[in-house]
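Here is a set of short exercises to work through with the model open beside you. Try each task before reading its solution.

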Amino acid sequence: SEIIESEQVGAGIWPVIDKDSVPTGEIMCVKRGMVVKYSGGNVIKERQPIIGKNVCDIGTRINWFEPEELATNVGSALSEDWRQGVYNEIFKILNQWRWAHKDMTQLVIGLAMATVIQSFLKWRPIVTVSGESNSGKSVLFRVVSGLFCGLSQLSSQSTVAGILQNMGRDSRALMLDEFDTTKEQEKLFKMFRISGRGQEKLMGTSTHSGTSYCVRHLPWLSGIHTASGDQADQNRIIDIRTLKAKDNATTIEEPGVDQLHAVGKKMIAGMIVCANQACEYAKSLSKSDGSPISSRYRESYSVPFGCLGAFLGLDLESTREIMDDYLTNNVAPSIEVEDAATDQESLLLDILQSEVKMPYDGPESLASVAEILFDNRFEMHRDAARTKGVGFVVCKKGPSKYKVAFVSKKIASNEGVLNKTKWAGIAGTSQILERLPIELRPTKEKQVVAGLLMSCVSVDYDVLKRWAVSNTGSDFKDTVSK
């Protein structure tokens, strides 16, 4: 027999993961008392709540679909014309708002679609809905929440602990209204930063035991002003701005719950059919290909536009053209010229958040590079990172007591820490890392890493740790003893 480390999942839509942690391309929908699997164009009821590596919590209270209706809608969603009709229905509802610009309706639809498959995404932007009082923000939240057919949590005045404990293992849409009045804004933004790439968040309980939550949510935040004060969040945010209606303008007609659920069920079925293609599109669209728009902005906007393109049956190049037009006309004019450090910091963040297999099995058999470097729990296993191109170096002289050395030829190779990121196989990572902020003391030099003298770019360990705390949302405290 074989012991397989499992992952518990709650209500929502999830990719099926096999025992080797590889997505099978199949999709499962979990609700109260039932799991169904989408495979080969068919919806199949599962007899057991264990599928591959996934253990499904059918004890959830969320009852968001009926299997026969879902199967019917999924069958219809195989038709591109049918999905186009669903898009038109949603467009008619959401086009009632007066947006900051006319193309924003399609962006909101794409974000709603992306939220349906948030557990699939490699990158999750933060959606902020801002605008003056009486510009329809709260109504918009109710309408979008209705499209998720009960698979959402709409609330205000929330705390980090309250949100995590309420969401549990579910993949519901997280929608926080009146976010600008919440006292824990910075803590919440820190949690959403973790959510960007789906990392574990450890929370204490009343019994002093630790409960971990894998935060894989694409959050929606609404308020008069919802921006984070941290520069690390700025490129992650997609801001949806509502304007007050003009004098004598028609009042927004808020659809009833039944109407929203009817079209929402069809949208969900369409995204089940298109989920894998949408993720592939998003991955391709995130690459800059010479675009003047920062790669971090592209990474965020690739998510909704990848979903739109797949849902509407567009080819990749047509989807790219639509996204580039949107970014050029609506995003580029509203942002300052990007700091040259953006790509450097993006690369560094991807290195730190990349996961490395530990030399043992168990609940913590995967650890991020940042955890290996800075968390005392993983100190004895730094060799696992060294073989992937990231070394911890004790300095004999110079201003730094310790350094972290990045072996440029190794980190982006097939065996390196970046082998599953957009940087895989890309030459020139050394030149990018050399342009890191001066306070990190980036130095091109030779260091011994994994027993070999290698050309690398090294940075100050302590300064990098402070940077990592600020940008990854982790504090690396020694909270667990192995």
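A patch is made of residues with over 30% relative accessible area and no salt bridge, and like charges are joined within 9 Å. Please keep in mind that the structure is a predicted model.

**Exercise 1. A charged patch**

Task: Find which residues form a positive surface patch, and place Lys 122 in the chain.

Solution:
- Step 1. Look for the lysines: Lys 122, Lys 283, Lys 287 and Lys 420 make up a positive surface patch.
- Step 2. Place Lys 122: this residue sits in the loop that connects α3 (104-116) with β8 (126-131).
- Step 3. Check its exposure. The cut-off for exposed is over 50% relative accessible area. Lys 122 has a relative accessibility of 70%, so Lys 122 counts as exposed.

**Exercise 2. An enclosed strand**

Task: Work out how many residues of strand β10 are buried, and which strands pair with β10.

Solution:
- Step 1. Use the cut-off for buried, which is under 20% relative accessible area. In β10 (residues 173-177), 5 of the 5 residues are buried, so the strand is largely enclosed by the rest of the structure.
- Step 2. Take the two faces in turn. Ala 173, Met 175 and Asp 177 are buried on one side, while Leu 174 and Leu 176 are buried on the other.
- Step 3. Look for the neighbours. Strand β9 (residues 152-156) is parallel to β10, and the pairing has 5 bridges. Strand β13 (residues 220-223) also runs parallel to β10, joined by 2 bridges.
- Step 4. Follow Leu 176 across the sheet. Its bridge partner in β9 is Ser 155, and its bridge partner in β13 is Leu 221.

**Exercise 3. Positive phi values**

Task: Cys 149 and Glu 178 each have a positive phi; where in the chain do they lie, and is each one buried or partly exposed?

Solution:
- Step 1. Read the angles. Phi is near 55° for Cys 149, a residue other than glycine, and phi of Glu 178 is near 55° too.
- Step 2. Place the residues. Cys 149 belongs to the loop between α4 (137-147) and β9. Glu 178 belongs to the loop between β10 and α6 (185-195).
- Step 3. Turn to accessibility. With a relative accessible area of 7%, Cys 149 is buried. Glu 178 has a relative accessible area of 40%, which means that Glu 178 is partly exposed.

**Exercise 4. Salt bridges within a helix and in a network**

Task: Find how many salt bridges the whole structure has, then describe the ones made by Arg 386 and Lys 37.

Solution:
- Step 1. Start with the total: searching the whole structure gives 15 salt bridges.
- Step 2. Go to helix α13 (residues 383-386), where Arg 386 and Asp 383 lie 3 residues apart, about one turn of the helix. Their side chains form a salt bridge with an N to O distance of 2.4 Å. Arg 386 is partly exposed, at 22% relative accessibility.
- Step 3. Turn to Lys 37, which forms a salt bridge with Glu 46; the closest N and O atoms are 3.8 Å apart. Lys 37 is buried at 15% relative accessibility, whereas Glu 46 is partly exposed at 25%.
- Step 4. Widen the view: a network of salt bridges links Glu 26, Lys 37 and Glu 46.

**Exercise 5. A lysine in a strand**

Task: Describe the surroundings of Lys 403, from its salt bridge to its strand partners.

Solution:
- Step 1. Find the salt bridge: the side chains of Lys 403 and Glu 445 meet at 3.1 Å, N to O. This pair links distant parts of the chain, with Glu 445 in strand β19 (residues 443-449) and Lys 403 in strand β18 (residues 402-406), 42 residues apart.
- Step 2. Check accessibility. Lys 403 has a relative accessible area of 14%, so Lys 403 is buried. In β18, 4 of the 5 residues are buried, so the strand is largely enclosed by the rest of the structure.
- Step 3. Find the paired strands. Strand β17 (residues 390-394) runs antiparallel to β18, with 5 bridges. Strand β20 (residues 452-460) is antiparallel to β18 as well, with 4 bridges.
- Step 4. Identify the residues opposite. Val 393 stands opposite Lys 403, and Lys 403 stands opposite Asp 460 in β20.

Conventions: Residues are numbered from 1 along each chain as its sequence is written. This is a predicted model: local features need pLDDT of at least 70, side-chain atom pairs count only at pLDDT 80 or more; totals for chains, interfaces and linings use all residues. Side-chain values use heavy atoms; hydrogens and water are left out. Buried means under 20% relative accessible area, exposed over 50%, partly exposed in between (1.4 Å probe, protein chains only). Two strands pair if DSSP finds at least two bridges between them. Patches are made of residues with over 30% relative accessible area and no salt bridge: like charges are joined within 9 Å, nonpolar side chains (Val, Leu, Ile, Met, Phe, Trp, Tyr) within 5 Å. Accessible areas come from the Shrake-Rupley method with a 1.4 Å probe; for residues, only the protein chains shown count as cover. A salt bridge is a side-chain nitrogen of Lys or Arg within 4 Å of a carboxyl oxygen of Asp or Glu. Lys and Arg count as positive and Asp and Glu as negative; His and the chain ends are not counted. The place of a charge is taken as NZ of Lys, CZ of Arg, CG of Asp or CD of Glu.
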